[in-house]
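This report concerns one protein chain and the way its parts are held together. The sequence and the structure are shown first.

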Amino acid sequence: MAKEITRIVLTGGPAAGKTTLISRILKEFKPEDGWHVITIPETATELISGFGIRPFGNCVTMEEFQYFVIEDQLHKEKLALKAAQMVPEEKVLLIYDRAVMDDKAYVSDSQFKEILSHFGKTEEQILSGYDAVLHLVTCAKGAEYAYNFGNAARYESLEDARAKDDLTLRAWSAHPSLYIIDNSIDFEDKINRAIAQIYRIVGQSAPAVEKRKFLISMPDCETLTEKYGAVSVEMMQIYLNSPNPQVERRIRQQKNGGEPGYFKPVPNKNLLKTEWGWEIDPIGFRNTLNQVYSRYRLPIIITENGLGAHDKLEEDGTIRDDYRIEYLQRHIEQMQLAIDDGVQMMGYCPWSAVDLISTHEGFDKRYAIGVVGCKCY
């Protein structure tokens, strides 16, 4: 059997999720399944953090810095390819945490061409050295809350990160197998999509995402108050008549011990909505969990976050509510990410486990996980 070596570049703007994706790749493509994964670390970060060679702070110019970067990249890529030929496994993944074409985003086209010429290379030769390129869009585009400066070598602002993302994508645009992984849903989905694409690149089907279910008991509310200092919150919503039936207007009164506060919800045109105009915002859900926990430092339980919809009873007596499954899955995934952020969670309740009807819209929408009594209306 001939050795199969697949060379994949992970690129994108700053804070795009490459480090997390590499960790996931190492877990997915395991030695016991016949895989050997070789990772080539990001050269610029090594030079900045390890060697103190920086394209800022009066050290070297950006153009001079790229000579250091490309020389080191070409050397490491050559060694990695030799190692891939030497390892006993027949299936080898070479994962590049950025590669030579990334450097084009930091200098002019003429400067980049001159640097490559110094090493006897052309852009066409460089591009032909990689089988596929995954461009992970920076979280500065669509997931700004997650942008951070945790990388000691990261110095870009949000605006700079977006610009660098565009320039990096432009640099790799001539590669025939370029795949863009954006922030359209959430971070976990982003990583899953990237992993699925890698499986397709190596000619395999991605395994199904594992699903787990948990049964939790109803907590003792008195214990919550005594042990954690939990307090009750009174909330009342007033729905207003609207000349546009597609627009819902409401005022919320919320009381938390003192005087009640009043809030007027403002619609977000960038979010999906339910049939009744309620916005669907799993990422906002995660943000809220972080904000509330940061303020009170108490465990959180979600008591109501279900999806109301026109559920259709099929001829076989079932209801195919994939829309509700997807809704709950996305919110629970974001809750898990909030837990990873450090939020203490006690549970998540959509509303009721058994079916019930909502009187607000004339007994029309249902919230069921387990449906009952559909023949009564």
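The sections below treat the overall fold, the nonpolar cores, one helix pair, the salt bridges and two backbone features.

**Overall fold**

The model is predicted, and every value in this report is computed from it. The protein chain has 10 helices and 12 strands. Of its 377 residues, 37% are buried. Among contacts with a separation of 6 or more, 66% are made by residues 24 or more positions apart.

**Nonpolar cores**

In soluble globular proteins, nonpolar side chains tend to be buried together. In this chain the largest nonpolar core comprises 22 residues. Val9, Leu94, Tyr96, Val100, Phe112, Tyr130 and Trp172 have the most contacts inside that core. Two or more residues each are contributed by strand 2 (35-40), helix 3 (62-86), strand 3 (91-97), helix 4 (109-118) and helix 5. A second, separate core has 21 residues, including Ala16, Leu93, Leu134 and Ile191.

The surroundings of Tyr130 can be set out in detail. Leaving out residues up to four places away in sequence, Tyr130 touches Arg7, Val9, Glu77, Tyr96, Ala99, Val100, Trp172 and His175. Among these partners, Val9, Tyr96, Val100 and Trp172 are also listed with the most contacts inside the largest core.

Gln73 is placed in helix 3. Is this residue, Gln73, buried or exposed? Gln73 counts as buried because its relative accessibility is 5%, and the limit for a buried residue is under 20%. Apart from neighbours within four places in sequence, Gln73 is in contact with Thr43, Arg98, Ala99, Val100 and Asp103. Gln73 and Tyr96 are 23 residues apart in sequence, and their C-alpha atoms are 9.6 Å apart in space.

**Packing of helix 9 and helix 10**

Two packed helices are described by the angle between their axes and the distance between the axes. For helix 9 and helix 10 the angle is about 30°, and the axes are 8 Å apart. The crossing of helix 9 with helix 10 is right-handed. From helix 9, the contact involves Pro282, Ile283, Phe285, Arg286, Leu289 and Asn290. These residues meet Arg330, His331, Gln334, Met335, Leu337, Ala338 and Asp341 of helix 10. By class, seven residues in the contact are nonpolar, three are polar and three are charged.

**Salt bridges**

The count of salt bridges comes to 18. Three of the pairs are tabulated here.

| Pair | N to O distance | Separation in sequence |
|---|---|---|
| Asp131 and Arg7 | 3.1 Å | 124 residues |
| Asp166 and Lys141 | 2.3 Å | 25 residues |
| Arg286 and Asp341 | 2.8 Å | 55 residues |

The side chains of Asp131 and Arg7 meet in a salt bridge. This pair links distant parts of the chain, with Asp131 in the loop between helix 5 (123-127) and strand 4 (132-136) and Arg7 in strand 1 (residues 4-12). Asp131 is partly exposed, with a relative accessible area of 30%. Arg7 is also one of the residues touched by Tyr130.

A salt bridge also joins Asp166 and Lys141. Asp166 lies in helix 6 (residues 158-172) and Lys141 in the loop between strand 4 and helix 6, so the pair ties together parts that are 25 residues apart in sequence. Asp166 counts as partly exposed at 42% relative accessibility, and Lys141 counts as partly exposed at 29%.

The salt bridge between Arg286 and Asp341 links helix 9 (residues 282-296) to helix 10 (residues 322-341). Both residues also take part in the contact of these helices. Which of the two, Arg286 or Asp341, is buried, and which is partly exposed? Arg286 is buried, with a relative accessible area of 11%, whereas Asp341 is partly exposed at 38%.

Beyond these pairs, a network of salt bridges links Lys18, Glu42, Asp97, Arg98 and Asp102.

**Residues with positive phi**

Arg98, a member of that network, has a positive phi of about 70° although it is not a glycine. Arg98 lies in the loop between strand 3 and helix 4 and counts as buried at 12% relative accessibility. Gln73 is in contact with Arg98.

Arg297 likewise has a positive phi, near 55°, in a residue other than glycine. Arg297 is placed in the loop between helix 9 and strand 11 (300-302). At 53% relative accessibility, Arg297 counts as exposed, whereas Arg98 counts as buried.

How values were computed
Residues are numbered from 1 along each chain as its sequence is written. This is a predicted model: local features need pLDDT of at least 70, side-chain atom pairs count only at pLDDT 80 or more; totals for chains, interfaces and linings use all residues. Side-chain values use heavy atoms; hydrogens and water are left out. A salt bridge is a side-chain nitrogen of Lys or Arg within 4 Å of a carboxyl oxygen of Asp or Glu. Helices (H or I, at least four residues) and strands (E, at least two) are DSSP runs, numbered from the N terminus. Buried means under 20% relative accessible area, exposed over 50%, partly exposed in between (1.4 Å probe, protein chains only). Axes are lines fitted to C-alpha atoms, for helices over the stretch in contact, and angles run from 0 to 180 degrees between N-to-C directions. A crossing is left-handed if the near helix is turned anticlockwise from the far one by less than a right angle, and right-handed if clockwise. Contact means heavy atoms within 4.5 Å. Ala, Val, Leu, Ile, Met, Phe, Trp, Tyr, Cys and Pro count as nonpolar, Asp, Glu, Lys and Arg as charged, and the others, Gly among them, as polar. A nonpolar core is a set of buried Ala, Val, Leu, Ile, Met, Phe, Trp, Tyr and Cys residues joined through side-chain atoms within 4.5 Å.
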